[in-house]
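Trainee: I'm new to this structure, so please take me slowly through a single part of it. I'd like a close look at the empty space, and then a sense of what surrounds that part.

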Amino acid sequence: MIDTLGLQDGIPSSISTYLIEKDSCRILFDTGLGGKNSRLLPLLDSLGLQPDSINYLYLTHLHGDHIGGMMNGDDIVFGHATVFLYDGWMKMYVEKKAQVVKTMNAYKEQLQFFEFGDTLPGGVITIDAVGHTLGHTAYQLENLLIIGDLIHGAALQMVRPEICPTYDMDKQIAIKSRKRLLKYAEDNDLVMAGMHLPYPGFME
């Protein structure tokens with residue numbers, strides 16, 4: 001399969017976040033890995049934006065490469081943002097991951113929880129994308145579908161969606177979610193934005 005698809009040199013990927021401005025609100029989907037090499041804050045600055053100008057953070061899940069940019073050492077980065085995440089996340093993982101505990105405690109006054117199918121500020125709809133993690137969430141805004149970690153290696157998984165990375169916690173459910181959402185995107189002519197799609201991070 002690798003030879004047939006010409007992927008001998010590896011599968012292109014990325015770590016991405018997405019910023020949307022809708023109804024006078026700025027919404028940031030995930031925050032990347034964070035740390036000194038993160039490009040998130042410099043890119044916001046290049047748009048003339050400061051972290052305090054972000055109104056909402058919508059999290060696909062709580063892995064480190066998605067919440068790392070929420071903290072700068074012991075300080076929160078997005079002091080004015082309401083943080084939305086799937087309700088079950090806190091019960092499932094907070095006690096197991098030190099980074100999650102630290103980050104969620106730091107933002108505890110800013111947290112809001114949703115159930116799948118809820119519509120969030122800006123008209124963003126939350127969609128069940130479980131499998132990668134138990135609370136993994138996709139988001140739809142009009143014709144844009146933000147798929148989080150539904151796909152890690154597009155060059156391989158778009159052809160063989162039944163192939164899972166080691167990061168998918170429940171591989172059988174991940175396969176079902178991947179096939180369901182890929183078909184949903186195709187049937188509805190949606191543009192997909194994925195946190196690990198190759199640059200520039202969009203796919204039709």
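Mentor: Let's settle some words before we start: a residue is exposed when its relative accessible area is over 50%, buried when that area is under 20%, and partly exposed in between. Keep in mind, too, that what you see is a predicted model.

Now for the empty space. Rolling a probe the size of a water molecule over the atoms shows where empty space is left. Searching the whole structure that way turns up one cavity of 30 Å³ or more, and its volume is about 30 Å³. Ten names to look for: Ala 129, Val 130, His 132, His 136, Asp 149, Leu 150, Asp 168, Ala 174, Ser 177 and Arg 178 form the lining of this cavity. Sorted by class, that lining has four nonpolar, three polar and three charged residues.

Two of those lining residues make good guides, so start with His 132. You'll find His 132 in the loop between β9 (124–128) and β10 (137–141). Is His 132 buried or exposed? It counts as buried, because its relative accessibility is 3%, which is under the 20% cut-off. Look at the side chain next: His 132 and Asp 149 are joined there by a polar contact of 3.1 Å. Leaving aside residues up to four places away in sequence, His 132 touches His 61, His 63, Asp 149, His 152, Tyr 167, Asp 168, Met 169 and Ala 174. Among those partners, Asp 149, Asp 168 and Ala 174 also turn up in the cavity lining.

Ala 174 is the second guide, and this one sits in helix α6. With a relative accessible area of 2%, Ala 174 is buried too. Again not counting residues up to four places away in sequence, Ala 174 touches Val 130, Gly 131, His 132, Cys 164 and Asp 168. So what do we have? The loop between β9 and β10 holds His 132, helix α6 holds Ala 174, and the two residues touch.

Helix α6 (residues 171–187) has a part in another space as well: it gives four residues, the largest share, to the lining of the second largest pocket. That pocket holds about 170 Å³ of space. Its lining includes Lys 179, Leu 182, Ala 185 and Glu 186, along with Met 158 and Glu 204. By class, the lining has seven nonpolar, no polar and four charged residues.

The largest pocket offers about 740 Å³ of space. Of the 25 residues that line it, Ile 15, Ser 16, Thr 17, Arg 39 and Leu 43 lie nearest its centre. The elements that give two or more residues to this lining are β1 (18–22) and α1 (40–46), and α1 provides the largest share, four residues. The lining divides into 14 nonpolar, 10 polar and one charged.

To get a feel for distance, compare Ala 174 with Ser 53: they are 121 residues apart in sequence and 35 Å apart in space, C-alpha to C-alpha. Ser 53 lies in the loop between α1 and β3 (56–58). At 18% relative accessibility, Ser 53 still counts as buried. The side chain of Ser 53 reaches the backbone oxygen of Gln 50 at 2.6 Å.

Step back to the whole chain, and its secondary structure comes to six helices and 13 strands. Its radius of gyration is 16 Å, close to the 17 Å given by the globule rule for 204 residues, so the chain is as compact as a globular protein of that length. Buried residues make up 49% of the chain. Of the contacts with a separation of 6 or more, 65% are between residues 24 or more positions apart.

Finally, a few backbone details. Most residues other than glycine have a negative phi, and most peptide bonds are trans. Ser 24, in the loop between β1 and β2 (25–29), has a positive phi of about 65 degrees, and this residue is exposed at 72% relative accessible area. Glu 142, in the loop between β10 and β11 (144–148), has a positive phi of about 55 degrees. With a relative accessible area of 56%, Glu 142 is exposed. As for the peptide bonds, the one from Tyr 199 to Pro 200 is cis, with omega near 10 degrees, and Pro 200 sits in the loop between β12 (191–194) and β13 (202–203).

Definitions and conventions. Residues numbered from 1 in each chain as written. Predicted model: local features only at pLDDT ≥ 70, side-chain atom pairs only at ≥ 80, totals over all residues. Heavy atoms only, no water. 1 Å grid on protein atoms, 1.4 Å probe; cavity = no way out; pocket = protein on both sides within 12 Å on 5 of 7 lines; lining within 4 Å. Points joined across faces, edges and corners; volume = space filled by probe spheres on them. Nonpolar A, V, L, I, M, F, W, Y, C, P; charged D, E, K, R; others polar. Buried < 20%, exposed > 50% of the residue type's maximum accessible area, 1.4 Å probe, protein only. Polar contact = N/O pair within 3.5 Å; in protein donor to acceptor, adjacent residues only side chain to side chain. Contact = heavy atoms within 4.5 Å. Rg over C-alpha atoms; globule rule 2.2 N^0.38 Å.
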